[in-house]
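Here's a quick briefing for anyone meeting this structure for the first time. Have a look at the sequence and the model, then read on.

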Amino acid sequence: MQISNGKTFLSFSEALSAGIAGTVPAFNWLVPLLDANGADEKALLTGADRLRAKTMGNSVHLRGLIEFSNFCRKNCHYCGLRAVNQKIKRYRLSETEILDTALKAEKLGYKTIVLQSGEDLHFSSDVMCGIIKELKNKTKLAVTLSLGERDETTYAAWKKAGADRYLLRIETTDPVIFKAIHPDSDLEYRKNCLYILKKLGYQLGSGVMVGLPGQTSLNLAGDIIWMYKLGVEMVGIGPFLPHKETPLREEKGGTLNQALRLVSVLRLVFPYAHIPATTAMGTIDPLGREKALEAGANVIMPNITPTGVRPLYEIYPNKICLDETADKCFGCVTARIIGLGRTVGTDYGHVKRNTK
Ligand code: SF4
């Protein structure tokens, strides 16, 4: 395969080794990489893994995920938590339960917790400010929020209360696909949320879903270019997995290989970003997370939500690690990381700025 870098044509391996990593991404090399197969695909994954070792080192950072509410006001067509789904039991953790879970995580050795929920307005600006301040007073944890779309005043209040990072996946920047899967969201509004979060100084994460109906490599390349312009510092991707209680139940899901190629291409475009090996990849393939760690990823987000409610946070079906207690999960993930010849990060794993 030949790839143009805008000046000349390079062979696939020349393109990987001689200079596209960290350069301004362009459709003419993103698309062939996203479509790579056979030996080219292997070279892409290996090249991205090598680059990860050079830029991010051998450590894998663990972020403890607390899914504290499965209430949601929205109806995304791929998500089991959508408001109209009456087949799931809804739950909210109390502020004490959230704090207790975080304290246990810190004791186990976590440096970061991720507070994630559906778009649940019960957790108002003030309620979340109280939780964030309490966490910051009682622990030394870095706090990442993943609470969806809110207004600028709210994002600013949470930042002031001590939140360090924010994750908001754009999912797709293609206006037609975005509208088709988000009946009650607006692409420009979502983009604006991300611009605001950036302006407020959050360490910023976004990401996309791969394998969506009608999505092409050209769409994914467009997503990558948009995220590059935004300046994301953490990039999470998940294969689309159809859930039976959603309108997309009959669609074909994304594949692990699509997801792995995307992880690798993201590593080339964002040499210093934090890229998770997501649980959804572990759902498609028991070794999916390990494979992602060997394709450019450097983060794992173990689920530390209390096991009593964990199965109820079913964005997609057949999620893994539903029964393991937080300490069992920590041991299991640590063993998997060591099994790959890597180490568990002992620092905060904050984003590396100005090194894009
Ligand atoms: S993807 Fe998020 S916003 Fe959409 S329905 Fe699910 S929880 Fe709600």
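Two residues are in contact if their C-beta atoms, placed from the backbone, lie within 7 Å. Helices (H or I, at least four residues) and strands (E, at least two) are DSSP runs, numbered from the N terminus. What you're looking at is a predicted model: local features need pLDDT of at least 70, side-chain atom pairs count only at pLDDT 80 or more, and totals for chains, interfaces and linings use all residues. Residues are numbered from 1 along each chain as its sequence is written.

**The whole chain**

- The secondary structure of the protein chain adds up to 13 helices and 10 strands.
- Its radius of gyration (taken over C-alpha atoms) is 19 Å, close to the 21 Å that the globule rule (2.2 Å times the number of residues to the power 0.38) gives for 356 residues, so the chain is as compact as a globular protein of that length.
- Along the principal axes, the C-alpha atoms fill a box of roughly 60 × 40 × 40 Å.
- Of the 356 residues, 45% count as buried; that label takes 20 or more other C-beta atoms within 10 Å of a residue's own, while 12 or fewer makes it exposed and anything in between partly exposed, with C-beta atoms placed from the backbone.
- Take the contacts between residues at least 6 apart in sequence: 77% of them join residues at least 24 apart.

**Helix α4**

- Helix α4 (residues 95–108) has 14 residues and reaches 20 Å from its first C-alpha to its last, close to the 20 Å expected at 1.5 Å a residue (the expected span is 1.5 Å times one less than the number of residues).
- Which residues of α4 are buried? They are I98, T101, A102 and A105.
- These buried residues cover an arc of only 100° around the axis, which puts them on the same side of α4; the arc is that of the directions from the helix axis to the C-beta atoms.
- On the other side of α4, you'll find T96 and K107 exposed.
- The cover over the buried residues of α4 includes β3 (59–69), β4 (112–117), α5 (125–138) and α13 (326–339).
- Just after α4 comes G109, with a positive phi of about 120°.

**Strand β4 and its link to β3**

- In β4, 6 of the 6 residues are buried, so this strand is largely enclosed by the rest of the structure.
- In a regular strand the side chains alternate between the two faces of the sheet.
- Here, T112, V114 and Q116 point one way from β4, I113, L115 and S117 point the other way, and all are buried.
- β3 and β4 run parallel, joined by 6 bridges (strands pair if DSSP finds at least two bridges between them).
- R63 stands opposite T112 in β4.
- From β3 the chain crosses through α4 to β4, and this β-α-β crossover is right-handed: with the strands pointing away from the viewer, the path from the first strand over the helix to the second runs clockwise.

**On to β5 and β6**

- Strand β5 (residues 142–146) has 4 of its 5 residues buried, so it is largely enclosed by the rest of the structure.
- β4 and β5 run parallel, with 5 bridges between them.
- T112 has A142 of β5 as its bridge partner, and V114 stands opposite T144 in β5.
- The chain gets from β4 to β5 through α5, in a right-handed β-α-β crossover.
- Next, 2 bridges join β5 to strand β6 (residues 165–167), and the two run parallel.
- L145 has Y166 of β6 as its bridge partner.
- Helix α6 (residues 152–161) carries the chain from β5 to β6, and this β-α-β crossover is right-handed.
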